[in-house]
Amino acid sequence: MNAPFKNLIAGEWAGSQNASRNINPSNTNDVVGEYSQGSVEDLNNAVAAAKAAFPAWSRTTPQERYEILKKASDEILARKDELGRLLSREEGKTLPEGIGEATRAGQIFAFFAGECLRLNGESIPSVRPGVGVEVTREPVGIVGMITPWNFPIAIPAWKIAPALAYGNCVVIKPADLVPGSAWALVDIIQRAGLPKGVLNLVMGRGSVVGQALLEHKDVHAISFTGSVSTGRKVAAACIAGNPMKKVQLEMGGKNPLVVLDDADLKVAVECAVQGAFFSTGQRCTASSRLIVQAGIHDRFVEACIERLKGVTVDDALKAGTTIGPVVDQSQLDQNLKYIQIARDEGGKLAFGGELLNRENPGFYLQPALFTETTNAMRISREEVFGPVANVVRVKDYEEALAIANDTEFGLSSGICTTSLKHATHFKRNAEAGMVMVNLATAGVDYHVPFGGRKGSSYGPREQGAYAREFYTTVKTSYTLA
């Protein structure tokens with residue numbers, strides 16, 4: 001095995017020889033690489049480097065930042081096949097999905113390269129004679145980032161790109177399970193011309209590196225994506241610190257897809273299967289609750305089962321694979337636990353839910369579809385984060401909307417209908433940050449805001465121009481003429 005991939009601290013690849021193995025979930029005999037396990041000392045050095053770099057970087061011109069982000073975008077897009085293959089190999093997405101995610105990362109950097117040139121302010125007359133008022137935005141400072149394993153290049157991209165575009169310095173801790181994509185992304189950005197210390201990467205355990213990042217007095221803001229339970233701890237640490245940190249949380253979802261009697265059956269089935277099971281269901285926007293009106297219920301379930309019979313669960317890199325493996329043994333165990341819980345609660349396993357053997361050892365699970373469930377069951381209320389979905393039968397639109405909103409989460413919500421009346425009403429009344437009509441709940445654009453409400457999100461939105469709300473702070477200046 002080659003020497004481990006190291007952390008990036010103050011523009012140099014550094015760190016101890018202590019490393020963790022990055023395992024391919026499609027073939028557990030395949031080690032993607034060994035990646036350094038950072039220490040508290042490494043984290044402290046990274047923050048010190050960011051602090052030293054901030055005064056100069058925060059005052060660079062928009063053109064300087066544009067050129068660096070655009071160069072990074074160009075290399076990401078030129079290497080999208082290579083990066084996508086790395087992503088699929090370490091996380092388990094199918095190769096087309098991996099390449100698609102790498103492409104999105106490149107597009108995000110291109111968008112925020114443009115944002116460097118679009119930042120503006122306001123000049124406002126004062127209510128007092130002879131006084132001028134200016135409202136401007138400045139970088140928030142040093143931003144700590146903690147990213148998850150399910151989108152190992154896109155989520156780091158949509159956090160790092162706006163932070164740099166608006167003049168911040170960054171310390172990022174990627175998910176310990178899949179560090180390879182983040183390492184490759186940081187390498188590209190650094191070589192695009194960033195001054196030393198502006199972007200720092202410290203890999204390692206959340207309990208070590210992540211906790212030190214949360215507690216560091218020189219970190220001004222934390223952007224976190226992960227579970228609700230961890231998100232609450234992140235928020236508490238940010239508020240308890242001195243000084244308090246600005247915090248942005250993107251957490252879980254238990255996203256509903258409503259299917260009304262008047263829906264186009266083919267469209268509804270594709271929305272359900274794609275939204276619930278593609279990417280192995282490992283998306284916070286996955287359609288894990290399928291809320292189906294009684295008149296179309298039986299036909300919908302039958303058509304979903306036929307569609308699922310046609311999917312291929314196999315090695316993520318193999319041509320023709322529809323759904324790759326679960327990311328690791330721990331997540332597989334959680335999926336199996338919830339499948340058993342649903343059975344114990346009285347749900348009917350209408351399709352799948354079985355472990356699968358393939359050519360190489362891996363974490364293969366047949367998609368599971370439950371029927372005869374209610375919204376009171378744990379399978380309807382708790383996030384599984386795997387290829388497991390359940391169908392809830394309802395009598396009419398009003399009951400469907402009520403059940404869709406009856407959840408502690410509020411990330412994404414969808415409806416399949418040909419009724420303009422119901423589609424319009426649902427868009428206005430669905431208690432979610434994102435609403436889809438005749439589209440899968442999973443699948444969003446990079447140039448518009450991403451985020452939810454209730455237990456799914458906390459703080460300003462991510463992506464698009466709305467990202468400036470988190471990565472900048474507003475200053476109001478008064479001048480006596």
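**View 1. Glu-250 sits in strand β11, which spans residues 246-250.** Welcome to this predicted model; we start at a residue you may want to find right away. The UniProt annotation "active site", from an unreviewed entry, covers Glu-250. Is Glu-250 buried or exposed? Its relative accessible area is 4%, so Glu-250 counts as buried, the limit for that label being under 20%.

**View 2. The surroundings of Glu-250 come from several parts of the sequence.** Leaving aside neighbours within four places in sequence, Glu-250 is in contact with Phe-224, Thr-225 and Gly-226. Leu-411 is also in contact with Glu-250, as are Phe-450, Gly-451 and Gly-452. Ser-456, Ser-457 and Glu-462 complete the list of contacts.

**View 3. Seven strands form an open sheet with mixed pairing.** Reading across the sheet, the order is β14-β15-β16-β13-β12-β17-β18. Which strands are at the edges? They are β14 (348-351) and β18 (434-437), each pairing on one side only. From one strand to the next, the twist averages 25 degrees.

**View 4. Strands β12 and β13 pair in the parallel sense.** Here you can follow β12, residues 256-259, beside β13, residues 289-293, with 4 bridges between them. A handy pair to look for is Val-259, which stands opposite Val-292 in β13. In general, strands of a sheet pair through backbone hydrogen bonds.

**View 5. Helix α10 lies across five of the sheet strands, namely β12, β13, β14, β15 and β16.** The helix covers residues 294-309, while β15 covers 368-373 and β16 covers 388-394. Relative to β13, helix α10 runs at about 135 degrees.

Technical notes: Residues numbered from 1 in each chain as written. Predicted model: local features only at pLDDT ≥ 70, side-chain atom pairs only at ≥ 80, totals over all residues. Heavy atoms only, no water. UniProt positions renumbered as here; feature names shortened; annotations may be inferred. Helix = DSSP H or I, 4+ residues; strand = E, 2+ residues; numbered from the N terminus. Buried < 20%, exposed > 50% of the residue type's maximum accessible area, 1.4 Å probe, protein only. Contact = heavy atoms within 4.5 Å. Pairing = 2+ DSSP bridges. Axes fitted to C-alpha atoms, helices over the stretch in contact; angles between N-to-C directions.
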